[in-house]
Amino acid sequence: MIRLSIILIVGLNTISSVLASSIDRSLYIISDSIQTVDSIYIPYLSFNETDIYTKDSPIINIYSGDTLKLWVYNLDTITHNFSIKDLSDNYTIQAGDSVYVEQVFMDEGLYIYHDPLNYPKNTYLGLAGMIVVNDLDVQNFYWNIKEHNAQWNSDLVNSLDVDWGNYVPKYFTINGNSNPHINSDSLARITGAVGETLYLNIANTGLSVHSMHFHGYHAEIMYSSAHANHVGRIKDTFPVYPMETLVLKIEPHQPGEYPIHDHNLVAITGNNIYPNGMFTTILITP
Amino acid sequence: MKQLFYILFLAVNLNATAQDETTFIFSKMDIEAQHILWDDTPTMLMGFTSMMSSNIDIPGPTLSYFEGNSVELKLRNMSQGASHTIHLHGLDVNQQNDGVPHLSFEVGHNETESYYFLAPHPGTYLYHCHVTSALHVQAGMYGLIIVKPNTGINETWEGGYTFDSEYAWMSSEIDLAWHEDSIINSPHDTTSMEFHLPDYNPEYFLVNGRSEQQLTEDGIAVVATANEVILLRLANIGYYGNTYHFPMLLNARIISSDGRALPSIELSDSLTIMPGERYQVLLQSTYEIEEEIDLDYFNLNTMEIANTQQIPVSISGYFSQTESTLGKIKLYPNPSSDKVIFSKEINFISLFDGKGRLLITKHNSDYINISNLAKGIYYLNIDSETKTIIKQ
């Protein structure tokens with residue numbers, strides 16, 4: 001019996017080492033702008049997969065046990081930092097320079113990579129994305145949620161001071177979009193069928209707490225970076241704190257189209273216009 | 001042919017008997033400010049009432065059902081302008097009955113429509129209007145839905161926790177700028193989805209529409225006896241975060257959220273509830289307490305506490321003694337205004353108030369001096385055993 005146990009353990013280790021792999025990725029820090037729901041362009045920065053700017057910092061999907069081998073290039077004109085929150089060291093990247101980051105992810109979860117320099121300044125300005133470590137064969141959706149104050153973005157990129165204790169955001173976005181454009185983002189808009197298992201990966205890279213309410217369904221908390229004791233709770237409203245990540249499992253029991261939105265209802269506005277904020281719908285077919 | 005008719009008849013009959021709860025509710029809007037805030041400021045509301053002639057109050061009437069009830073909730077809109085809906089927050093009803101205007105239906109002025117649903121898991125839920133929801137909720141269009149188990153006893157859910165009494169507190173805020181006639185009574189263009197709203201800077205922080213000295217009202221202030229099990233139903237319909245601070249001696253146990261039991265009970269003297277969330281908490285004190293539960297309202301952008309409300313808690317049932325015995329140690333007098341004397345020297349003495357704050361420590365003494373304390377009930381820990389003393 002003892003010998004059998006030893007053989008089993010060796011066997012598992014072998015399987016694990018065979019399945020684990022290395023993931024090679026590159027990220028490019030680029031300063032540009034983001035378009036608000038009312039068509040104003042405000043200064044913004046993001047990580048990009050190539051040297052061509054998009055507002056969306058890429059989602060990096062890997063399996064547990066994988067090693068992420070990452071080159072981060074700073075294409076901005078000022079120094080930036082890079083870190084995987086709560087996991088990696090903090091790397092300094094001079095303008096025009098690059099760093100190599102290697103990180104093993106042993107556990108399933110959802111992690112934020114970001115620029116922590118002068119926190120929250122650079123993270124607030126857009127330099128934050130997510131790393132999803134998930135071994136399940138399920139349909140995944142991804143929300144990088146945050147808020148914006150247009151004047152602050154302009155002030156910050158011009159090296160002016162802002163009063164972080166008096167933050168009043170005016171725009172509320174999921175993956176950089178506000179209602180009604182969130183539903184056009186196939187990564188954000190949750191779709192599926194009754195009986196399927198759907199995972200929603202949420203990273204709050206903003207400065208405000210967002211309290212996301214589901215119509216039509218309860219969901220189960222599968223992972224919380226900030227509140228491990230919340231795992232297993234089945235709820236319809238999910239607070240997500242700044243720099244917290246949350247993974248939810250939804251198993252739709254009924255068809256229909258139902259809203260999901262921040263229940264701080266001020267966050268459903270965009271520059272004070274309702275309902276141009278953090279509002280989307282889940283669409284479930286029979 | 002005869003057999004077919006019989007089957008159809010049965011089906012119609014079953015459908016009729018399944019409808020076992022009908023509730024009528026009215027949506028209304030104030031013509032002039034009538035809701036009086038704690039400092040006598042009147043404010044104008046939109047809201048729900050259970051009778052057409054009733055003044056609007058916040059929250060609206062509590063809707064109570066038993067698990068499994070088949071409910072018809074009729075909404076009669078008497079608001080003179082805006083369309084309204086009822087969103088059954090947390091009940092997971094089907095799309096048709098979800099109360100979101102462009103995805104189900106809205107109820108125009110002078111119209112009556114019905115929402116149909118089965119009362120689900122026992123727990124605490126909300127309802128609110130989902131038309132221009134940021135405005136209509138702030139205006140007062142919200143209330144609680146309570147679903148109880150069909151067990152005939154005070155029980156959280158079948159096989160759950162029994163309790164002796166219950167309180168339901170719905171927290172919210174009021175920003176008077178949002179209640180100005182130009183905002184709350186603005187033209188209602190049902191063809192437009194967009195609506196301009198002011199910045200949100202609330203001045204009033206409410207529990208069941210009340211604050212400050214109004215929190216002593218029946219139904220808000222907790223009045224109970226020692227060992228009584230109290231169920232708190234807590235809901236946040238505001239746009240700020242809430243943190244409740246429970247006196248340590250209330251032994252708060254957090255048991256459920258959003259209509260579902262937590263995987264495990266959590267013992268905590270504080271609980272944060274964000275907009276749209278609900279929690280159920282059990283309180284039970286073995287001591288007599290005259291304290292308050294503090295409720296912080298904090299800004300979700302800055303996390304700064306904007307206001308703290310205090311909900312009185314009075315737990316009676318303690319019988320005063322002029323001389324008390326703690327194991328083999330006697331202490332006297334109790335109540336006292338000056339010193340409490342022990343029958344022998346104590347290695348370590350610590351004294352706490354009702355919130356668990358440590359006020360006095362003393363080593364190797366046969367007395368403590370409490371003359372500097374305010375009148376009240378305090379908790380004495382003598383060599384790891386606890387005793388209540390009263391300051392006269």
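## A five-strand sheet in chain A

In this predicted model, chain A has an open sheet of 5 strands, running in the order β3-β9-β8-β5-β6 with mixed pairing. The edges belong to β3 (60–62) and β6 (91–93) of chain A; each has a single partner strand, so one side of each is left without a neighbour in the sheet. Going from strand to neighbouring strand, the average turn is 20 degrees, direction ignored.

Inside that order, β8(A) and β9(A) (residues 128–133) are an antiparallel pair, held over 6 bridges. If you want a place to look, Gly109(A) stands opposite Val133(A) of β9(A).

## The loop after β8, and a cis proline

What links β8 (109–114) to α2 (121–124) in chain A is a loop, and Pro120(A) is found in it. The peptide bond leading into this proline, from Tyr119(A), is cis, with omega near 10 degrees.

## The β1–β2 hairpin of chain A

Strand β1 (residues 22–35) of chain A pairs with β2(A) in the antiparallel sense, over 8 bridges. One opposite pair to pick out is Ser31(A) and Leu45(A), the latter in β2(A). The two strands make a hairpin with 5 residues between them, and Ser39(A) in the turn has a positive phi of about 65 degrees.

How much of β2(A) is buried? For this strand (residues 41–48) the count is 6 of the 8 residues, so β2(A) is largely enclosed by the rest of the structure.

## Where to trust chain A

Chain A has a mean pLDDT of 93, and 93% of its residues reach 70 or more. Residues 1–18 are another matter: pLDDT stays under 50 over this stretch of chain A, and the model has 1 contact there beyond four places in sequence. Where pLDDT is low, the predicted coordinates should not be read in detail.

## How the chains meet

On to the interface: 35 residues of chain B are in contact with 37 residues of chain A. On the chain B side, the elements giving two or more residues are α2 (133–139), β12 (195–196) and β18 (260–267). Sorted by class, that side of chain B has 15 nonpolar, 11 polar and 9 charged residues.

There is strand pairing across the chains too. Strand β20 (residues 273–274) of chain A pairs with β12(B) in the antiparallel sense over 2 bridges, and Tyr274(A) has Phe195(B) as its bridge partner in β12(B). Tyr274(A) is also joined to Pro275(A) by a cis peptide bond, with omega about 5 degrees. That proline sits in the loop between β20 and β21 (279–285) of chain A.

## Leu197(B), between the two chains

Follow chain B out of β12 and you come to Leu197(B), in the loop between β12 and β13 (204–207). Which residues does Leu197(B) touch, leaving aside its neighbours within four places in sequence? In chain A they are Thr269(A), Asn272(A) and Tyr274(A), and in chain B they are Ala134(B) and Leu135(B). Take Ala134(B): in sequence it is 63 residues from Leu197(B), while in space the two are 8.4 Å apart, C-alpha to C-alpha.

Is Leu197(B) buried or exposed? Neither label fits: it has 19 C-beta neighbours inside 10 Å, so Leu197(B) counts as partly exposed. The cut-off for buried is 20 or more.

## Loop residues of chain B

Two residues have positive phi without being glycine. Thr132(B), with phi near 40 degrees, lies in the loop between β9 (123–128) and α2 of chain B. Because 25 C-beta neighbours lie inside 10 Å, Thr132(B) counts as buried. Glu212(B) has phi of about 50 degrees and lies in the loop between β13 and β14 (222–225) of chain B. Here 15 other C-beta atoms lie within 10 Å, so Glu212(B) is partly exposed.

Then there is Ser53(B), in the loop between β4 (46–49) and β5 (63–66) of chain B. Ser53(B) has 6 C-beta neighbours inside 10 Å and therefore counts as exposed. Its C-alpha atom is separated by 9.6 Å from that of Phe26(B), 27 residues apart along the chain.

Note on methods
Residues are numbered from 1 along each chain as its sequence is written. Chains are lettered from A and ligands numbered from 1 in the order in which they are written. This is a predicted model: local features need pLDDT of at least 70, side-chain atom pairs count only at pLDDT 80 or more; totals for chains, interfaces and linings use all residues. Two residues are in contact if their C-beta atoms, placed from the backbone, lie within 7 Å. Helices (H or I, at least four residues) and strands (E, at least two) are DSSP runs, numbered from the N terminus. Ala, Val, Leu, Ile, Met, Phe, Trp, Tyr, Cys and Pro count as nonpolar, Asp, Glu, Lys and Arg as charged, and the others, Gly among them, as polar. Two strands pair if DSSP finds at least two bridges between them. pLDDT is the predictor's confidence in each residue, from 0 to 100. A residue is buried if 20 or more other C-beta atoms lie within 10 Å of its own, exposed if 12 or fewer, and partly exposed in between; C-beta atoms are placed from the backbone. Axes are lines fitted to C-alpha atoms, for helices over the stretch in contact, and angles run from 0 to 180 degrees between N-to-C directions.
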